[in-house]
Amino acid sequence: MDVDNGFKYLGREGWRTLGAAARDLFSGRADLVRERVQTLTGKRPDPYDVYECLKAMTREGVDRVIVNFLVAPRGPKDHAVGLRSELMRTRIQEVAQWAEVGIHPSYGSSDQHGKTGSEMTALTKVLDRPITSSRQHFLRMKLPNTYRELEALGIQEEHSMGFADAIGFRAGTCTPFNYYDALAERETKLAIVPFAVMDSAMAYKLNWTPEEAVRRTTAMVETVKRVGGTFSAVWHERFLSDHGAERGWRQAIGSILQAARS
C-alpha cells in the first residue's frame, strides 16, 4: 500500500485545516465540513486511517505486506501528513510491527538528486532501522539515474515496474529480476519487483467499476498462477477507506486478495 496522504483530516497544521474547511464551505460542501469537525473532535474515525483494515485483510494467505510512506515536505504533488505529526510517526511505528515499511520517494525526487536520500533519512529516524524497499510516487522515474541512486542508498527492491493506466506486465514478466544497467553494462543488485494491478489505474484510467476490476483481475491472477509467478498488487489508503468516490473498492480489494489466496 502506498500512503499518499496518511490521514484525510488528522495530523495537519491548524492553518491548513481551517483553509480546507473554508474552501469546502464556500464550495457548498457542508457535508465535508461536518465530517472534518466530527473527525477532529473524535466523534468518527479518520476515513484514511485504514492501517488496521489492511492488517486484517492481509493476516492470512499473503506472503508479504509492504507499506510505502511518502514523507517529503508538502509540494504540488506531495500531500502526505508530515513527520512533524506525532500521530503520523506513531502510525508508522505501529505499521512496522506487522508489515515491511518502504519509502515512497516524492514526485520531485526524480528531478532533484539527493532528495530521496533526505526522505529516507527522515523515515529511518522514525523507524530506527534501515529502509530497503522503494516505490516511486506516480511511478515517476528517470532511468538509469533513479535506479542508480536507489541502489547507492542501499535500496534492495524497487516496486514501480507496472502501469499507471492499465493492468499487466510492463516488463513482460511477473517474476522479480535484477536490474541490468545497459549503459554501464552491468547487472546490479537492485531487484525489480513488477506489479500486475493498481487500484488507481483501474478506477481512474480504465474507469472500471469495483465489480469489473474483480472480474478482470481474477483472470490476471489465474494467468500468474499458471506460470508459477509472483502476483503483486498496489493499493492506496483512499481505496481501502470505502469512502466517497472510492466507495466499494475495499470489498473489491478483499475479493482480489481472496482470489490470489485460493
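How many nonpolar, polar and charged residues does the lining of the largest pocket have, by class?

**Exercise 1. Describe the largest pocket of this predicted model and sort its lining by class.**

Step 1. Begin with the space itself, for which the computed volume of the largest pocket is about 770 Å³.

Step 2. Turn next to the lining, which is made up of 30 residues, and find Val62, Arg64, Phe231, Ser232 and Ala233, which lie nearest the centre of the pocket. Strand 2 (66–69), helix 8 (210–226), strand 9 (233–234) and helix 10 are the elements that each give two or more residues to this lining.

Step 3. Sorted by class, the lining of the largest pocket has 16 nonpolar, seven polar and seven charged residues.

**Exercise 2. Locate the largest nonpolar core and follow the contacts of Phe69.**

Step 1. The largest nonpolar core holds 52 residues, and Val67, Phe69 and Met202 are those with the most contacts inside it. Helix 10 (residues 249–261) gives the most to this core, contributing five residues.

Step 2. Leaving aside residues up to four places away in sequence, Phe69 touches Val3, Tyr51, Met88, Ile92, Val95, Val101, Gly102, Ile103 and His104.

Step 3. A second core, separate from the largest one, has five residues, among them Leu139, Phe195, Met198 and Val234.

**Exercise 3. Find the enclosed space and name residues that line it.**

Step 1. The structure holds one cavity of 30 Å³ or more, and about 40 Å³ of space lies in the largest cavity.

Step 2. Phe69 belongs to the lining of this cavity, as do other residues including Val3, Met88 and Ile92, which are also among the residues that Phe69 touches.

Step 3. By class, the cavity lining has nine nonpolar and two polar residues, with no charged residues.

Note on methods:
Residues numbered from 1 in each chain as written. Predicted model: local features only at pLDDT ≥ 70, side-chain atom pairs only at ≥ 80, totals over all residues. Heavy atoms only, no water. Core = buried A, V, L, I, M, F, W, Y, C linked by side-chain atoms within 4.5 Å. Buried < 20%, exposed > 50% of the residue type's maximum accessible area, 1.4 Å probe, protein only. Helix = DSSP H or I, 4+ residues; strand = E, 2+ residues; numbered from the N terminus. Contact = heavy atoms within 4.5 Å. 1 Å grid on protein atoms, 1.4 Å probe; cavity = no way out; pocket = protein on both sides within 12 Å on 5 of 7 lines; lining within 4 Å. Points joined across faces, edges and corners; volume = space filled by probe spheres on them. Nonpolar A, V, L, I, M, F, W, Y, C, P; charged D, E, K, R; others polar.
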